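Work through these short exercises with the model open beside you. Try each task before you read its solution.

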Amino acid sequence: MAGPNLDYEAIVIGSGFGGSINFCRLAQKWGNKVLLLERGRRYPMASFARSPKQIADSFWSIDGNAVKRPKHIQDKKLRGLFDIRNYKKMDAVISAGLGGGSLIYANVFLEPPAHVFEQGWPAGIDKAALQPYYQIAKQVLGARPVPPWQTDPRRKIVRTELFQEFAAHDNRTSKLADICVFFGNDYSYNGREQPLAIGLQEKNRYGAPQTSCTYCGECDIGCNTHSKNTLDLNYLYAGEHSHGGQIRTDCQAEKIVPLGAAGSDDPQAGGEYGYRVEFRDLESDTVHSFTARRVVVSAGTFGSNELLLRCRDVFGTLPKLSAQLGRWFSGNGDFLSFAIEGKKEADPNYGPVITQYTDYHLFDRFQRNRAFILEDASYPATLAWYIEGAFPTSLLRKLVRAVKALTAWLKKYLASGVWNGSLGFSLHEILKDDLSSKSGVLLCMGLDNGDGSLTLNAEGRIDLDWPQDTSMPLYQAILEAGKRFNAFIKGKLFLPLPTWELPVKHNVTVHPLGGCILADSAEKGVVSADPQSRGQAFGYQGLYIADGSILPSAVGANPIATISATAEWIAEGITGIAPDASLGV
Ligand SMILES: Cc1cc2nc3c(=O)[nH]c(=O)nc-3n(C[C@H](O)[C@H](O)[C@H](O)COP(=O)(O)OP(=O)(O)OC[C@H]3O[C@@H](n4cnc5c(N)ncnc54)[C@H](O)[C@@H]3O)c2cc1C
């Protein structure tokens, strides 16, 4: 069928796992006729915020991009890395930048067990069907466990051993997690056992320079040494540098309109003549558009649902999208808690952010309504310093010690009139036993009920209703495990996430999923699970969705493995090219 001349073969919206994979695979086929639009910035090596001033500017908050904001900050525009959302009973942390969530992820690549796919997933998409795609994504992302420490004591992570000890104590199994962190090509990509020495640099197999992990514990605030295998260093890198795909950052897609035979907007069309994608250049605050034969929406769960709901309900440009749009949201059972000031070393400020997972009825002895995993988490040392100053008991203890040490030092000095050389020892006395080193950060996730709803609020922006109570058996089981961990380390305080306390009682997720779910029909979901039309929105030819929003249920495990596997599967359907881990480089 002859149609209008179009600017691109494909436009991909968003550069998280779903978007980067589709961008790369489509660019392998169509080269510079593929365009990726990303609302956030590029983050080259050493560009992530560290000072308080930089951190203050590293949040995402622009007009009309989230739920309604208080009047006094309505005009403030921030276009940083962290996009923090607050909804009914659920808060969320997501990311904006080239590479999406990979820029701040904790690197874990974990395939869920097969039984997870038995409820809520359409027939035909199960673990076995996705297995080859998991394998490829895992190879591209270079996922392997932390290297053994016996040959280099700097690789010893005390926290990992503590969680392993607790798992044994709690009659559970702890396994080292496969993490997408660069320990040199030989270790990360070639399957050999010898990592590249800490801090040395190499070009990875796709040509991007990376540094062998320095164990700084800063994965979640952006890795300044590019030791994390973020998407801008593999899928996006290959798509742009080897295949000529076009990337425009600071560009937020705002509208998708199907075209008619003559190439003009036709909201009644079904995509057979392509689409026009309208976007705002956030640098110049100007609106532009390009046309393409196909569009892949990969703006993440909140971004994709918002864009599509607005196209259906505000602009009326995609009126045939399924009535199921926005349904079956899941926070993937996320639950963060803290065991504070125990008697055992936990050292949560060293090494890759997550190193192991302990199974609670997710992989073995499966119990759907209380299936979760417990992961060890770390946080940057700068935050540990902040906690030292901010936490009253720790601050008081340090002040008392400081006064004692200074008094003793002063007495000796006054008596002898000479510098007695004990200042170093005094500083040691003051600083020792910090709060963080004996506190554990517990990151749990599991099979929540996945029954949240994403809708548009009165301002036409995304809103979430999370029926927390239906997932309460899971949260209770997680809390019980957390208390046992606290007792194990003889912690002084077990603190679930502060927002969990009444009267707020909010969950927080870093793994939002659902809303545009894969299904057999438009009556059940938004995108097709049929192998012939994988990931295509019901009612629209050439309109695909590929990101966390298409997962029909919580996966219990960290979700990027499954988001990546489904994205590879969809990209293969679009291009007809079987993927491999070389990315055509
Ligand atoms: C602190 C933290 C740690 C995490 N650790 C892990 C982990 O260890 N393992 C794991 O499996 N998962 C982890 N996650 C979750 C993981 O990051 C997400 O599940 C994953 O990134 C989702 O991928 P996605 O493709 O759905 O979209 P995203 O990665 O969310 O990417 C969407 C992209 O689209 C862009 N965008 C949005 N709207 C628009 C628009 N209108 N126009 C243009 N661009 C747009 C966004 O800026 C973003 O870059 C973590 C998340 C956080 C916050």
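## Exercise 1: Polar contacts of the ligand

Find the backbone partners of the ligand in this predicted model.

Step 1. Start at G97: a polar backbone atom there lies 3.3 Å from an oxygen atom of the ligand.
Step 2. Go on to G101. Its polar backbone atom is 2.8 Å from a ligand oxygen.
Step 3. Now look at A253. Here a nitrogen atom of the ligand sits 2.9 Å from a polar backbone atom.
Step 4. Check each distance against the cut-off for a polar contact, a pair of N or O atoms within 3.5 Å. The G97 pair, at 3.3 Å, meets it. The G101 pair, at 2.8 Å, meets it. The A253 pair, at 2.9 Å, meets it.

## Exercise 2: Cover and shell

How much of the ligand's exposed area does the protein bury?

Step 1. Take the ligand alone: it exposes 1000 Å².
Step 2. Add the protein, which buries 93% of that area.
Step 3. Ask which elements give two or more residues to the shell: helix 1 (17-30), strand 6 (90-95), strand 13 (251-258) and helix 12 (560-575).
Step 4. Strand 13 gives the largest share, 3 residues.

## Exercise 3: Who surrounds the ligand?

Count the surrounding residues and sort them by class.

Step 1. The count is 35 residues.
Step 2. The closest are E38, R39, A106, G548 and I560.
Step 3. Sorted by class, the shell holds 16 nonpolar, 15 polar and 4 charged residues.

## Exercise 4: An annotated span

Locate the annotated domain and describe its span.

Step 1. An unreviewed UniProt entry lists residues 508-567 as "domain: Glucose-methanol-choline oxidoreductase C-terminal".
Step 2. The end C-alpha atoms of residues 508-567 are 25 Å apart.
Step 3. This span is 13% helix and 20% strand.

Definitions and conventions
Residues are numbered from 1 along each chain as its sequence is written. This is a predicted model: local features need pLDDT of at least 70, side-chain atom pairs count only at pLDDT 80 or more; totals for chains, interfaces and linings use all residues. Side-chain values use heavy atoms; hydrogens and water are left out. A residue is near a molecule or strand if one of its heavy atoms lies within 4 Å of it. A polar contact is a pair of N or O atoms within 3.5 Å; within protein, one must be able to donate a hydrogen and the other to accept it, and residues adjacent in sequence count only if both atoms are side-chain atoms. Accessible areas come from the Shrake-Rupley method with a 1.4 Å probe; for residues, only the protein chains shown count as cover. Helices (H or I, at least four residues) and strands (E, at least two) are DSSP runs, numbered from the N terminus. Ala, Val, Leu, Ile, Met, Phe, Trp, Tyr, Cys and Pro count as nonpolar, Asp, Glu, Lys and Arg as charged, and the others, Gly among them, as polar. UniProt positions are given in the numbering used here, feature names are shortened, and annotations may be inferred rather than shown by experiment.
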